Amino acid sequence: MRSQESRSTSSCAACKLLKRRCTPNCIFAPHFRSDEPKKFAKVHKVFGASNVSKILIEVPEEQREDTVNSLAYEAEARLRDPVYGCIGDIALLQRKMIQLQHDLALARARLSLYAATDSAGISNTDSDQFCTAALGEFPVACGGGFMDSFSQTSYEVNQDTHMYDFSQIPYI
Amino acid sequence: MSSGRCAACRYLRRKCTQGCILSPYFPSNNPQRFVSVHRIYGASNVTKLLQLLPTHLRAEAADSLYFEAQCRLEDPVYGCVGLIFMLQQHINAVESQLVKTQAEIAVMKSQGQNRETQQAEPDFNNLLLRQSDNEAPLSFPNQVSSGFI
């Protein structure tokens, strides 16, 4: 009876991969279902089952699903890009953010100039030319390589937009 | 002699050989760096990962592993994925603002164009009203005289 229970299909993906008995209080079972073997395989390859178990034990039970999902995301990113992992995604998003902030600053400056020329009674065509001339030298902060992305301080265009300051995490 | 060991070998209490794969990236003057990486990934996984990479890419890999490990230690639930979420939210917010600003520019442009057009074109309404007061209506070429024949 007991052996039949242990051989039932209730073994989680983790215990199946680790070839061990899946106990009722297995910490992996709620988050690594047997129909998702690849999820645990990736996490195990990058972090190791023991380390994952320690991380999960440290977090409250209601946050373990999110923890597992973020670990799975990181593991997938690391397997896809063994050099940079998730950091590659962060660097791309950071560059996109810088570009968008630049575009927004440009658009706001253009809007201000239009408003100013409008109130001054300058024609639309003239204000177009004026905007192009005035904003032609607008400075652009470009993200460089991987190291530049992390050494840059936050590029604040206005108070509404703030980029995460990576210097808070000791990296360089 | 023991001071010749890298941070990894010192932590793992083993002899640091000349070919130690971890020693270039975990120097003895920064023990915390290896401790962080080891807590999240384990020495064995880090070694395997670095072994798979060409030598010139290992330093960057070690740096990114350290960064991710630090993120995970500071935020055990989301790790560096939390940063990705935050960046995506910021990007969405800035994109919305950009779209809104571009729409405002388009409105200002079209208002300006309308104003210019009104100033440039003759006022046909007033012209017709003036003529009907004084004269017979103007006849335009191709005008149908009566009905829709």
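The legends below describe close-up views of a predicted model with chains A and B.

**View 1. Overall make-up of chain B.** Chain B contains six helices and zero strands, and its elements follow the order α-α-α-α-α-α along the sequence. Of the 149 residues in chain B, 37% are buried. Among the contacts in chain B with a separation of 6 or more, 43% join residues 24 or more positions apart. The accessible surface of chain B is about 9,600 Å², and carbon and sulfur atoms hold 53% of that surface.

**View 2. Contact of helix 5 of chain A with helix 4 of chain B.** Helix 5 of chain A spans residues 64–80 and helix 4 of chain B spans residues 55–74. Their axes come within 13 Å and cross at roughly 175 degrees. Because angles over 145 degrees count as roughly antiparallel, helix 5 of chain A is roughly antiparallel to helix 4 of chain B. On the chain A side, the contact is made by T67(A), S70(A), L71(A), E74(A) and R78(A). The residues they meet in helix 4 of chain B are A61(B), S64(B), L65(B), E68(B) and R72(B). By type, the residues of this contact are three nonpolar, three polar and four charged.

**View 3. The largest nonpolar core.** This core has 46 residues. Those with the most contacts inside it are F28(A) and F47(A) from chain A, with L22(B), F26(B), Y41(B) and V46(B) from chain B. In chain A, helix 2 (13–18), helix 3 (37–46), helix 4 (49–58) and helix 5 each give two or more residues to the core. In chain B, helix 1 (7–12), helix 2 (31–40), helix 3 (43–51) and helix 4 do so. Helix 4 of chain B supplies the largest share, five residues. In soluble globular proteins, nonpolar side chains tend to be buried together.

**View 4. Surroundings of L22(B), and a second core.** With neighbours within four places in sequence left aside, L22(B) is in contact with A8(B), R14(B), F34(B), V46(B), T47(B) and L50(B). Another core, of 23 residues, lies apart from the largest one. Its members include I90(A), L93(A), L100(A) and I84(B).

**View 5. A77(A) in helix 5 of chain A.** A77(A) has a relative accessible area of 1% and is therefore buried, the cut-off being under 20%. Not counting residues up to four places away in sequence, A77(A) touches G85(A), C86(A) and D89(A). A77(A) and D89(A) are twelve residues apart along the chain, and their C-alpha atoms are separated by 8.4 Å.

Technical notes
Residues are numbered from 1 along each chain as its sequence is written. Chains are lettered from A and ligands numbered from 1 in the order in which they are written. This is a predicted model: local features need pLDDT of at least 70, side-chain atom pairs count only at pLDDT 80 or more; totals for chains, interfaces and linings use all residues. Side-chain values use heavy atoms; hydrogens and water are left out. Axes are lines fitted to C-alpha atoms, for helices over the stretch in contact, and angles run from 0 to 180 degrees between N-to-C directions. Helices (H or I, at least four residues) and strands (E, at least two) are DSSP runs, numbered from the N terminus. Angles under 35 degrees count as roughly parallel, over 145 as roughly antiparallel, 65 to 115 as roughly perpendicular and the rest as oblique. Contact means heavy atoms within 4.5 Å. Ala, Val, Leu, Ile, Met, Phe, Trp, Tyr, Cys and Pro count as nonpolar, Asp, Glu, Lys and Arg as charged, and the others, Gly among them, as polar. Buried means under 20% relative accessible area, exposed over 50%, partly exposed in between (1.4 Å probe, protein chains only). Accessible areas come from the Shrake-Rupley method with a 1.4 Å probe; for residues, only the protein chains shown count as cover. A nonpolar core is a set of buried Ala, Val, Leu, Ile, Met, Phe, Trp, Tyr and Cys residues joined through side-chain atoms within 4.5 Å.
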